[in-house]
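Subject: Handing over the structure

Dear colleague,

I am passing on a structure for you to look through at your own pace. Please open it first and then read the notes beneath it.

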Amino acid sequence: MAKVQKVMMDKEGYVFSIKDEKQDYHTEFGVVKAKDLKKEKVKTNKGKEFFVFDATFVDKFRKIKRVAQIITLKDAGVIIAETGLNGESLVVEAGGGSGGLTVALANIAKKVISYEIRKDFSEVVKENVNDFGLNNVTVKNKDITQGIAEKKVDVIVLDLPEPEKAVDVSAKALKQGGFLVCYIPSVTQVIAVVEEIRKSEHFILQKVCETLQREWKIDGKIARPEFQMLGHTGFLVFARKV
Ligand code: SAH
């Protein structure tokens, strides 16, 4: 899949992704000529107006190649905010999956090491990282429960079916005060990992939470929540290494 180079946005905020600027762009609202894609404001042959700009991180994220369910931006945002990870941070994550979380973390962190047990998926992570132009990621086609080679890690994020199996190895890799974050779809898995964290003398459980984002419709006299909502993505478990 070619990477998204530019986007066209209509007045309602709807985004069309452009992967090849050298070709005319066809939409259900008509065609934009390739030469016009260099302009900031364009019209299709049917008269529909669009604004054109370079694709940003979030524009690319929405179009990322998916082989496994990717993390949402709202959940990635909470992980980044609650751990305070920054340009100095060494981050380990597993499983790589489609690389959704990988690129979200690598967009902020100094270095991200991504463990992915499946060879085919680890190749997709590499491909997506490359499409985002990120060069601070190392992808390891490995089972994280077998050990984490990195030491003094600032943040470890686990997005895999049995995170409790990676609690011990995470304790060895994290620096004192470092964060273990688990992103988990089902509460039975939350209980399993929380039990393991509580059993460990190397972790203090800080928080179990979920994040709901409700969009609102604001249009004239209408000002109310949207009827449709993404009801559930995953729970987040935060623990600190001691
Ligand atoms: N965070 C990813 C999605 C992860 S899906 C994203 O945003 O794109 C969960 C992934 O964990 C799957 O790809 C699966 O192959 C991988 N996985 C499961 N067990 C694992 C293990 N023990 N070590 C490494 N990867 C594992």
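The notes below go through the strands, the cysteines and the aromatic rings in turn.

Please keep in mind throughout that this is a predicted model.

I would begin with the open sheet, in which 4 strands follow the order E2-E1-E6-E5 and pair in the antiparallel sense. Its edges are strand E2, covering residues 15-18, and strand E5, covering residues 41-43, each of which pairs on one side only. From one strand to the next the twist averages 30°. Strand E5 is joined by 3 bridges to strand E6, which spans residues 49-54 and runs antiparallel to strand E5, and there Lys 43 has Glu 49 in strand E6 as its bridge partner.

Further along the sequence you will find strand E15, residues 235-241, which is mostly covered, since 6 of its 7 residues are buried. Strand E15 is joined to strand E11 (residues 174-184) by 6 antiparallel bridges, and it also pairs with strand E12 (residues 203-210) in the antiparallel sense, over 7 bridges. Leu 236 of strand E15 is a good residue to find on screen, as Tyr 183 stands opposite Leu 236 and Cys 209 has Leu 236 as its bridge partner.

That brings me to the cysteines: how many disulfides does the structure hold? There are 0 disulfides, and for Cys 182 the nearest cysteine sulfur, that of Cys 209, is 12 Å away, whereas a disulfide needs the two sulfur atoms within 2.5 Å. Cys 182 counts as buried because its relative accessibility is 0%, and Cys 209, at 18%, counts as buried too, since the limit for buried is under 20%.

Lastly, the structure holds 6 aromatic pairs. In one of them, the ring centres of Phe 16 and Phe 50 are 5.2 Å apart and the planes stand at 80°, so the pair is edge-to-face. Because Phe 16 lies in strand E2 and Phe 50 in strand E6, this pair ties together parts that are 34 residues apart in sequence. Phe 16 is buried, with a relative accessible area of 10%, and Phe 50 is buried with a value of 0%. These two rings belong to one aromatic cluster, formed by Tyr 14, Phe 16, Tyr 25, Phe 29 and Phe 50. Over the face of Phe 29 lies Lys 48, at 4.4 Å from the ring centre, and elsewhere Arg 118 lies over the face of Phe 121, at 3.8 Å from the ring centre.

With best wishes

Terms used:
Residues numbered from 1 in each chain as written. Predicted model: local features only at pLDDT ≥ 70, side-chain atom pairs only at ≥ 80, totals over all residues. Heavy atoms only, no water. Buried < 20%, exposed > 50% of the residue type's maximum accessible area, 1.4 Å probe, protein only. Pairing = 2+ DSSP bridges. Helix = DSSP H or I, 4+ residues; strand = E, 2+ residues; numbered from the N terminus. Axes fitted to C-alpha atoms, helices over the stretch in contact; angles between N-to-C directions. Phe/Tyr/Trp six-rings, centres within 6.5 Å; stacked < 30°, edge-to-face > 60°. Lys NZ or Arg CZ within 6 Å of the ring centre and 35° of its normal.
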